[in-house]
Amino acid sequence: MSNLTRRGLLKSGAVMGAGLAAPTFFTNMAHAYTNAPTGSSVTLGFNVPQTGPYADEGADELRAYELAVEHLNGGGDGGMMNTFSSKALKGNGILGKKVEFVTGDTQTKSDAARASAKSMIEKDGAVMITGGSSSGVAIAVQGLCQEAGVIFMAGLTHSNDTTGKDKKANGFRHFFNGYMSGAALAPVLEARYGNDRNAYHLTADYTWGWTQQESIQQATEGKGWNTVNNVLTPLATTDFSSYVAPVLNSGADVLVLNHYGGNMINSLTSAVQFGLRDKVVNNKNFEIVVPLYSRLMARGAGENVKGIFGSTNWHWSLTDDGTKAFVKSFGEKYGFPPSQAAHTTYVQTLLYADACERSGTFNPCGVAEALEGFKFDGMGNGPTEYRAEDHQCFKDVLVVKGKENPTSEFDVLEVVEVTPRAQVEYPVDHPMFAGGDLGKCNPGA
Amino acid sequence: MKHLSKTDKSTFILVAILALLAPFILNPFPEGSAMAQFNAGYPDLMQRFAIFGILAIGFNILFGLTGYLSFGHAAFLGVGSYSAVWMFKLLSMNIVPAIILSVIVAGVFSLLIGFICLRRSGIYFSILTLMFAQMSYSLAYSVLTPLTNGETGLQVYNDDPQYLMGPNSSEVTNLFGLEMRSTFTLDVGPWAFQFNLGYYVCALFLLLAFYIAIRIFRSPFGLMLRAIKTNQTRLNYTGLNSRPYTLAAFVISGMYAGLAGGLMASMDPLAGAERMYWTASGEIVLMTILGGVGTLLGPVLGAGFIKYFENIFSKINDTVLHTWFSILPDGLENAIVWVLHFFVGKGWHLTLGLLFMMIVIFLPGGLMEGGQKIMNKIRGKKKNDKDGGAKAAATPAE
């Protein structure tokens with residue numbers, strides 16, 4: 001034992017230490033589904049555009065998410081949790097676990113959105129991903145969530161394809177779609193402008209633009225309108241004068257702008273500058289229609305939106321209890337009323353949390369089952385149903401008009417009519433939504 | 001390997017070790033600690049490091065050696081991804097046919113574009129390539145929608161033909177049954193290291209790409225390309241036709257981009273048009289310049305640097321900042337968060353831009369020059385006479 005040296009002691013001590021700290025091996029197979037929360041908290045992933053053309057919408061969505069998390073964890077005044085018809089949420093997080101969140105920037109690019117969603121799933125352990133301000137991104141992330149085995153609660157996505165040919169079992173959409181816009185707008189347009197109109201469409205040249213144009217054309221032709229022409233405009237167009245000029249000599253007396261965001265602001269401004277709205281064609285006043293409106297867009301277009309019809313998913317000036325509660329808590333926190341993007345993302349977060357509570361698990365299959373066919377009220381849109389067959393919410397749709405005398409920069413739209421749900425409903429196998437396959441819910445792992 | 005010189009061999013071995021041990025190296029902070037935010041060792045980002053590394057190495061063969069600045073390289077990446085996804089749709093989810101086709105298609109496509117664009121040099125060449133890439137983007141975004149699925153991006157659907165798909169075939173991308181997404185998690189104390197099969201496939205391709213790049217750099221062909229960069233006019237006066245050489249370099253780097261695109265689709269079977277947008281091409285140029293133009297290792301470092309910022313810094317939001325500085329008094333905490341707010345989260349572009357500016361101004365040779373300076377400092381001034389030689393070898397592109 002005399003050769004017990006200081007160095008030898010240190011060495012054997014180090015070996016023993018390493019042995020004690022021996023790695024514990026286990027694989028993901030231990031869990032029944034992807035990212036099963038193990039601690040006292042659960043992580044949600046908020047994936048919104050923070051840079052790029054829809055950054056404004058993204059910022060408003062993020063505000064709504066933060067508000068929803070605050071309410072779920074019992075902070076603030078509870079917002080729509082008080083008016084929500086389901087009373088499963090208790091303000092103690094979800095299933096007793098504190099709600100935490102991670103955020104990411106989609107940059108309104110499918111690749112960036114998927115990279116950011118993947119890092120939330122693989123690195124941060126998010127059990128649900130939500131967000132998106134354009135249909136391309138929403139569809140891309142929805143596909144990813146289906147593969148990875150987490151729930152996707154779509155944010156602002158209006159294309160028919162999201163719950164049509166690209167629908168997925170793990171994806172859910174609360175927002176309305178192009179078909180509903182057409183079905184809600186057509187009767188109002190008929191009542192105001194008559195039924196022998198000639199419509200000229202300018203359409204953003206990508207999936208969303210096409211599906212919306214198709215929906216509007218079909219709905220208006222059903223009321224007796226004639227479609228003179230449909231011109232596709234590249235997404236990057238900023239100067240629309242060359243597209244607007246031919247409208248004057250086409251014999252059309254209505255211009256439909258199937259544009260969104262900056263595109264719509266520019267095309268509408270261009271059309272108004274050309275004096276289209278002062279023209280009289282076929283003995284009728286020339287009219288402009290913007291099928292999908294948002295408050296942020298209307299604000300961008302300023303004076304030009306006055307008196308122009310369109311549709312939205314929700315508007316803060318509604319007077320039901322849910323809307324009032326939401327506008328109040330949002331306004332108190334941020335100092336201005338929420339946009340429809342904020343509303344839909346807030347509602348989606350509560351709906352997800354509620355479905356977890358009701359099914360008693362975060363397992364995507366359990367949550368999906370709880371959401372399918374779920375009927376609820378008190379969320380600002382009246383009685384609403386998540387249809388089981390395509391995971392699309394069915395509810396009333398608003399037809400709005402640019403306000404003639406706005407009282408503030410947020411008060412630019414007025415609700416003309418609340419189109420009842422029955423009028424915008426369609427069968428699952430409607431040709432505009434055909435071709436998709438929901439598939440089976442995927443819990444991952 | 002035996003064809004490599006001693007320094008090249010050690011560089012290659014260094015890259016190999018870094019690539020194989022990446023799950024450890026990129027995950028230095030324990031799970032749950034405040035610094036875990038900076039960990040990059042999760043499958044998706046590691047795959048991206050390797051894939052964009054391949055892309056930048058390929059771009060460097062063209063830009064670093066011949067000096068031809070292509071502003072449309074993203075087009076080849078996009079074409080590669082589209083071909084790969086089509087293979088998944090038509091054959092099966094096996095990545096081998098997908099990657100082979102993506103390299104071939106990108107090669108043919110670059111031959112076509114290169115044949116036209118290489119009739120000009122300098123800025124005119126850059127503009128021509130930029131134009132072709134934007135044209136490809138616009139076509140993919142709308143006109144060619146039946147082929148590319150437009151804005152939504154090309155995806156694999158349940159009702160695709162997939163002729164080679166058997167009843168037991170995997171539904172996700174795989175290499176003869178080995179699924180790309182399968183990940184083995186090694187828990188060591190508070191650390192969790194993720195070993196992802198997809199990443200190792202990418203890493204092997206990166207090593208292969210790196211090896212080929214070394215061989216090209218050291219070959220007579222590589223020397224000819226450098227001659228073009230140094231003085232093309234003089235080269236032409238010697239009676240030598242330089243265009244076949246530039247075209248070959250262009251096609252090789254196009255095929256590298258196609259490989260990267262194919263791998264990207266293999267890791268995540270979706271191809272979107274914005275992959276071809278001009279900003280994506282610009283990003284490749286930035287990666288190469290940031291890392292060090294004309295160096296072997298630089299472009300890989302640059303690619304990693306940019307992807308790290310895009311994925312890690314963009315996810316730091318105000319809530320995270322508040323938890324970091326919560327020990328400070330409230331006023332100070334808010335002040336610090338208010339300042340940092342502009343540099344993280346949605347401000348990650350600003351941070352990256354500032355760093356890029358500093359590197360271009362103070363280290364025109366990119367990160368590689370920085371590394372070299374540090375190495376020289378460490379080694380001291382004992383090799384004053386050798387310094388000149390080392391500098392000449394590391395001279396970056398203009």
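**A walk through a predicted two-chain model**

Let's start in chain A, where strand 4 and strand 5 (residues 151–154) run parallel and are joined by 4 bridges. Please keep in mind throughout that this is a predicted model.

How does the chain get from strand 4 to strand 5 of chain A? The path goes through helix 4 (residues 135–148) of chain A, and this β-α-β crossover is right-handed. If you want one pair of residues to find on your screen, look for A:Ile129, which stands opposite A:Phe152 in strand 5 of chain A.

Strand 4 of chain A has a partner in strand 2 (residues 41–48) of chain A too, and those two pair in the parallel sense over 4 bridges. Here the residue to find is A:Leu44, which stands opposite A:Met128 in strand 4 of chain A.

Now, which way do the residues of strand 4 point? Strand 4 of chain A covers residues 128–131: A:Met128 and A:Thr130 point one way, A:Ile129 and A:Gly131 point the other way, and all are buried. That fits a rule you will meet often: in a regular strand, side chains alternate between the two faces of the sheet.

Next, a loop residue. A:Thr106 sits in the loop between strand 3 and helix 3 of chain A. Is A:Thr106 buried or exposed? It counts as buried, because it has 31 C-beta neighbours inside 10 Å, and the cut-off for buried is 20 or more. Along the chain, A:Thr106 and A:Val48 are 58 residues apart, yet their C-alpha atoms are separated by 5.5 Å. Leaving aside neighbours within four places in sequence, the contacts of A:Thr106 include A:Asn47, A:Val48 and A:Pro49, as well as A:Gly131 and A:Gly132. So that you can link this to what we just saw, recall that A:Gly131 belongs to strand 4 of chain A and is buried.

Let's move on to strand 7 (residues 198–204) of chain A. Of its 7 residues, 6 are buried, so strand 7 of chain A is largely enclosed by the rest of the structure. Strand 7 of chain A runs parallel to strand 8 (residues 226–233) of chain A, with 7 bridges joining them, and A:Ala204 stands opposite A:Thr233 in strand 8 of chain A. Together with helix 6 of chain A, these two strands make a right-handed β-α-β unit. Strand 7 of chain A pairs in the parallel sense with strand 9 (residues 254–258) of chain A as well, over 5 bridges. There, A:Val256 is the bridge partner of A:His201.

Now a helix: helix 12 (residues 364–371) of chain A. Its buried residues are A:Pro364, A:Val367, A:Ala368, A:Ala370 and A:Leu371. Seen down the axis of helix 12 of chain A, they fall within an arc of 160°, so they line one face of the helix. What covers them includes strand 5, strand 6, helix 11 and strand 15 of chain A. After helix 12 of chain A comes A:Gly373, with a positive phi near 70°.

Finally, the two chains together. How many residues of chain A are in contact with chain B? There are 37 of them, in contact with 35 residues of chain B. Which element of chain A gives the largest share of that side? Helix 3 of chain A does, with 7 residues. Helix 4 and helix 6 of chain A are among the elements that each supply at least two residues. By type, this side of chain A divides into 12 nonpolar, 13 polar and 12 charged residues.

Notes. Residues numbered from 1 in each chain as written. Chains lettered and ligands numbered in written order. Predicted model: local features only at pLDDT ≥ 70, side-chain atom pairs only at ≥ 80, totals over all residues. Buried ≥ 20, exposed ≤ 12 C-beta atoms within 10 Å, placed from the backbone. Pairing = 2+ DSSP bridges. Right-handed = clockwise from strand over helix to strand, strands pointing away. Arc of directions from axis to C-beta. Contact = placed C-beta atoms within 7 Å. Nonpolar A, V, L, I, M, F, W, Y, C, P; charged D, E, K, R; others polar.
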